[in-house]
Amino acid sequence: MDSTDLNMALQRHFGFSEFRGGQEAVVRCLLEGRSALAVFPTGGGKSLCYQLPALLMDGLTLVVSPLIALMKDQVDVMVAKGIAAARLDSTLTGDETVAIYDRLSAGKLKLLYVAPERLANEGFLNRLRSLPLALLAIDEAHCISEWGHNFRPDYLKLEGLAKDLKFP
């Protein structure tokens, strides 16, 4: 995708006329099928680095995030922009969860936000195995080092999980 097309997608989906420093390089890396690590200051636009590729790639982008409030904020912003995003967390009712699973099965979601602990649920993993997966994004990964590896041990399982689910 050339710079003009990428900038048009940025404008269309997010309303921005240009990338912030470092964003375009990360987006291009992901679109080329390579892994990337984005370290920007708070408010620096890290989330856009996986959100835009998620919209441009075929399949589901799974976003692993440590905090329900963070997931809710991210999804609310995406949905307000007309982007097919959802979150699965413990605050949802059974009916809300079923509705999200239905959208997931029907291929109507581009981004799904979950806590790392959800990935220990074999039923959830089986659902993911049946879907076309585009990208695995680990949001706020600094939490591992800042809070210690024992705080959220499921983060340490993500590499094996990515291989098991055959994320590109």
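In the predicted model, R34 is partly exposed, because its relative accessibility of 48% does not exceed the 50% above which a residue counts as exposed. Its salt-bridge partner is E32, with the closest N and O atoms 2.6 Å apart. E32 has a relative accessibility of 53% and therefore counts as exposed. The bridge between R34 and E32 thus joins a partly exposed residue to an exposed one. It belongs to a total of 7 salt bridges in the structure.

A salt bridge within a helix is formed by D76 and K72, whose side chains meet at 2.8 Å, N to O. Both residues belong to helix 4 and are 4 residues apart, about one turn of the helix. D76 has a relative accessible area of 39% and is partly exposed. K72, at 36%, is likewise partly exposed. Helix 4 itself comprises residues 68-80 and lies across strand 2 and strand 3, where its direction makes about 160 degrees with strand 2.

R129 and D164 form a further salt bridge, in which the closest N and O atoms are 2.6 Å apart. This pair links distant parts of the chain, as R129 is located in helix 6 (residues 122-129) and D164 in helix 8 (residues 158-164), 35 residues apart. R129 is partly exposed, with a relative accessible area of 36%. For D164 the corresponding value is 35%, and this residue is also partly exposed. R129 and D164 are joined by E122 in a network of salt bridges.

The strands of the model include 4 that form an open sheet with parallel pairing, in the order 2-3-1-4. Its edges are strand 2 (85-88) and strand 4 (133-138), each of which pairs on one side only. On average, neighbouring strands of the sheet are turned by 20 degrees against each other, direction ignored. Strand 1, residues 60-64, pairs with strand 4 in the parallel sense over 5 bridges. Within strand 4, L133 is the residue that stands opposite L60. Helix 3, which spans residues 46-56, packs on the sheet and touches strand 1, strand 3 (111-114) and strand 4. The direction of helix 3 makes about 140 degrees with that of strand 3.

Helix 3 also packs with helix 2. The description of two packed helices rests on the angle between their axes and the distance between the axes. For helix 2 (residues 23-31) and helix 3, the angle is about 40 degrees and the axes are 9 Å apart. Helix 2 and helix 3 are therefore oblique to each other, since angles under 35 degrees would count as roughly parallel. The crossing of these two helices, helix 2 and helix 3, is right-handed. On the side of helix 2, the contact involves Q23, V26, V27, L30 and L31. The residues they meet in helix 3 are L48, C49, Y50, L52, P53 and L56.

Two further residues, I138 and Q11, were examined individually. I138 is found in strand 4, which is one of the edge strands of the sheet. With a relative accessible area of 38%, I138 is partly exposed. Leaving aside neighbours within four places in sequence, I138 is in contact with V64, Y155 and L158. I138 and G44 are 94 residues apart in sequence, and their C-alpha atoms are 16 Å apart in space.

Q11 lies in helix 1, residues 3-14. At 41% relative accessibility, Q11 counts as partly exposed. Not counting residues up to four places away in sequence, Q11 touches F16 and S17. Q11 and E159 are 148 residues apart along the chain, and a distance of 33 Å separates their C-alpha atoms.

Note on methods:
Residues are numbered from 1 along each chain as its sequence is written. This is a predicted model: local features need pLDDT of at least 70, side-chain atom pairs count only at pLDDT 80 or more; totals for chains, interfaces and linings use all residues. Side-chain values use heavy atoms; hydrogens and water are left out. Two strands pair if DSSP finds at least two bridges between them. Axes are lines fitted to C-alpha atoms, for helices over the stretch in contact, and angles run from 0 to 180 degrees between N-to-C directions. Contact means heavy atoms within 4.5 Å. A salt bridge is a side-chain nitrogen of Lys or Arg within 4 Å of a carboxyl oxygen of Asp or Glu. Buried means under 20% relative accessible area, exposed over 50%, partly exposed in between (1.4 Å probe, protein chains only). Angles under 35 degrees count as roughly parallel, over 145 as roughly antiparallel, 65 to 115 as roughly perpendicular and the rest as oblique. A crossing is left-handed if the near helix is turned anticlockwise from the far one by less than a right angle, and right-handed if clockwise.
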